[in-house]
Amino acid sequence: MTKWFNRAVLLTLSILTVTMLAVATVAQAQERIKIAYSSADASNTVWFTALDSGLYRKHGLDVELVFIQSSTTSVSSVVAGDIQVANTSGGAVASAIVGGATLVMTACYINTLPYELVVQETVKSAEELKGKSVGISRVGSASDVAARVLIRGLGLEPVKDVPIIQVGGPTERAAAFRTGRIVGFPSPPGTIHLAKGMPHRILISTADFQKRFEFPYICSTTTKSYLSTHRDTMRRLTMALIESTHFLKTRKEETKKFIAKYTRQNNPQYLEASYMANVKLHDRVPLVTREGTEVQIKEALSRKPGATLRFEDMVDDSIVRELEKSGFIDKVYK
């Protein structure tokens, strides 16, 4: 009886040891990484979906999503090493590099500006918009680029015909709109459904353009040194986000739940409009658009006379090209 008991104890201890080692191995395999995002709107769904659907963990990453409202601050956090990867637009990255940062964009999941120009209900034409102010978050931001593009789309000249003023984030813009400080603001698709009691109209949308406006909008950005020393980490992150994009495109109801969770909105019209827009906006192969990036480089250089910057200096999407060539992306979409 004693022999049998001792054997049972030893067997139990062995099982417990193996189990603990297995758990430790799994925990060790999960590499911690911090990712910054600057907006909780639906265009950032790919980052949220990868977290809540377990795709980061599937690829050995223990991801902490950190909300940093300002793209400029996100970029600074990456440069300082506090954050390893940031979701940024090409304009913010170009401006930072021209200012001396050594950043690189490794993939872009949305390569166009998903914006519409929301105006007061009384503004019924481009002519009626002339001389009235449009609000943005800050100069150089995606909302700034969107405002300029949309105003030009109406045949008007930004600043000269339509003043552009810095107001702040979505909440501040909505408040300025309510009080009449501004008569319009660029907004991601579907967001206006949340504007209860605010008479408005959509004067123009980038979706109305005959040719897609190329703009690196939702992009993974890191430092050149981090990419060099953690290339496998960035590869696994890219794989997770490609799978997250596929999840977004194929699992509607679950994705809408993620959008509702992170935007803290349950308005059915908003969720439907946001989901449908993002299904079309997200690229299957997240290469960085050269055309859109070069426009942002030109804008950044215009604000820094004497500086130089090329597409190759701020983009390295070789990981995406490798994944496409290897058949990984085709396998995900089978």
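**Exercise 1. Determine which residues Tyr56 is in contact with, leaving aside its neighbours within four places in sequence, and place Tyr56 in its nonpolar core.**

Solution. Step 1: contact means heavy atoms within 4.5 Å. With neighbours within four places in sequence left aside, Tyr56 is in contact with Ile35, Trp47, Ala50, Leu51, Leu61, Val63, Leu65, Leu237, Ala240 and Leu241.

The model is predicted: local features need pLDDT of at least 70, side-chain atom pairs count only at pLDDT 80 or more, and totals for chains, interfaces and linings use all residues. Residues are numbered from 1 along each chain as its sequence is written, and side-chain values use heavy atoms, with hydrogens and water left out.

Step 2: a nonpolar core is a set of buried Ala, Val, Leu, Ile, Met, Phe, Trp, Tyr and Cys residues joined through side-chain atoms within 4.5 Å. Buried means under 20% relative accessible area, exposed over 50%, and partly exposed in between (1.4 Å probe, protein chains only). The largest nonpolar core has 60 residues, of which Ile35, Trp47, Tyr56 and Leu129 touch the most other members. Helix 7 (residues 142–153) gives the most to this core, with 7 residues. A second, separate core of 23 residues includes Ala36, Ile83, Cys108 and Met314.

**Exercise 2. Describe the open sheet of 5 strands and the pairing of strand 1.**

Solution. Step 1: helices (H or I, at least four residues) and strands (E, at least two) are DSSP runs, numbered from the N terminus. Two strands pair if DSSP finds at least two bridges between them.

Step 2: the sheet has the strand order 2-1-3-10-4, with mixed pairing. Its edge strands, each pairing on one side only, are strand 2 (61–67) and strand 4 (103–112). From one strand to the next, the twist averages 25°.

Step 3: strand 1 (residues 31–37) runs parallel to strand 2 and is joined to it by 7 bridges. In strand 2, Asp62 is the bridge partner of Arg32, and Val63 is that of Ile33. Strand 1 is also parallel to strand 3 (residues 85–88), with 2 bridges; Ala86 of strand 3 is the bridge partner of Ala36.

**Exercise 3. Characterise the packing of helix 11 and helix 12, and the surroundings of Thr263.**

Solution. Step 1: axes are lines fitted to C-alpha atoms, for helices over the stretch in contact, and angles run from 0 to 180 degrees between N-to-C directions. Helix 11 and helix 12 (residues 268–281) pack at about 115°, with axes 10 Å apart. Residues making the contact include Ile259 and Thr263 of helix 11 and Tyr270 and Tyr275 of helix 12.

Step 2: Thr263 belongs to helix 11 (residues 252–263) and counts as buried because its relative accessibility is 13%. A polar atom of the Thr263 side chain lies 2.6 Å from the backbone oxygen of Ile259. Not counting residues up to four places away in sequence, Thr263 touches Ala40, Asp41, Ala42 and Tyr270.

**Exercise 4. Is Ser244 buried or exposed, and which residues is Ser244 in contact with?**

Solution. Step 1: Ser244 lies in helix 10 (residues 231–250). Ser244 is buried, because its relative accessible area is 0%.

Step 2: leaving aside neighbours within four places in sequence, Ser244 is in contact with Val46, Thr49, Ala50 and Leu55. The C-alpha atoms of Ser244 and Thr49 are separated by 6.0 Å, although these residues are 195 residues apart along the chain.

Terms used:
Polar contact = N/O pair within 3.5 Å; in protein donor to acceptor, adjacent residues only side chain to side chain.
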